[in-house]
Amino acid sequence: MEAVTSVQKYLDAWEKERAHEVPGLGRFTWTTRPEKSWHVPTLELLQLMKRYSPILSVFSGLALTERGAVGQGADVICTDIKIAPNRWCQGTPVMKVEKIRCDRAMRRYPNRNVFMAWPPFGDPSARKCAEQIKTGRKLIYVGEDWYGCNADDSFFDLMGREFREIETLRIPRFSGINDSVVVYERL
Ligand SMILES: C[S@@+](CC[C@H](N)C(=O)[O-])C[C@H]1O[C@@H](n2cnc3c(N)ncnc32)[C@H](O)[C@@H]1O
């Protein structure tokens, strides 16, 4: 019993040390997934989104990061194909999320920079959205790189051919995850 208690104390201390507080959004740790996001936002990311406003978010999910960005003064429209709980995220969106497929959202809001976090894996929809981005507009991408668990090869191929990286940002990662933020500009 004593051994269990001391292990628990160790784990609690470890979690506390690694905890990450985001103003307006709450506390994230490396070991647990909050139930509202697939990635860990930071204040820097929220402020970056403000700089690239106005933004259209596709694949918004429960829109935690987007709400945080709005709290920092960003102008963000959130969209998702379905507003429903999934394997990681439960509950309801934390701000208004328009129910619409990503390619249609891109056509409806063509004059905004685009934010996409954790686009679906092995799926061409991220690439189909990116193809619609006009020259000079930005894409803020949050997720894993080639061979990771987001988008598909055709998306990263398109990024290499028709976009250039203009900014990158590290974010804390959930255990076993290797995601980061990259801002691309359409050539
Ligand atoms: C992995 S979740 C990411 C959610 C959120 N961006 C985050 O980081 O927590 C992917 C989201 O993409 C949405 N999605 C999948 N295919 C879509 C499509 N074709 N058009 C719009 N949304 C789609 C799903 O409903 C889901 O909410």
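Let me start with one residue, M49, which, once its neighbours within four places in sequence are left aside, is in contact with I55, A69, A74, V76, F115 and I140, where contact means that the C-beta atoms of two residues, placed from the backbone, lie within 7 Å. Before I go on, please keep in mind that this is a predicted model, in which local features need pLDDT of at least 70 and side-chain atom pairs count only at pLDDT 80 or more, while totals for chains, interfaces and linings use all residues. Residues are numbered from 1 along each chain as its sequence is written.

M49 belongs to the largest nonpolar core, which has 46 residues, and M49, V58, V114, M116 and L139 are the ones that touch the most other members. A nonpolar core here is a set of buried Ala, Val, Leu, Ile, Met, Phe, Trp, Tyr and Cys residues joined through C-beta atoms within 7 Å. Buried means that 20 or more other C-beta atoms lie within 10 Å of a residue's own, whereas exposed means 12 or fewer and partly exposed lies in between, with C-beta atoms placed from the backbone. In soluble globular proteins, nonpolar side chains tend to be buried together.

M116, another of those core residues, is found in strand β6, residues 113–117, and it counts as buried because it has 23 C-beta neighbours inside 10 Å. Leaving aside neighbours within four places in sequence, M116 is in contact with V58, F59, A126, C129, L139 and Y141. M116 and S60 are 56 residues apart in sequence, yet 7.3 Å apart in space, C-alpha to C-alpha.

Let us turn to strand β4. Is β4, at residues 76–80, largely enclosed or not? Five of its five residues are buried, so β4 is largely enclosed by the rest of the structure, with V76, C78 and D80 on one side and I77 and T79 on the other. Helices (H or I, at least four residues) and strands (E, at least two) are DSSP runs, numbered from the N terminus.

What lies alongside β4? Strand β3, residues 55–58, pairs with β4 in the parallel sense over three bridges, and L56 has I77 as its bridge partner. Strand β5, residues 97–99, also pairs with β4 in the parallel sense over three bridges, and here T79 stands opposite E98. Two strands pair if DSSP finds at least two bridges between them.

Finally, for the protein chain as a whole, the secondary structure comes to six helices and nine strands, and buried residues make up 37% of its 187 residues.
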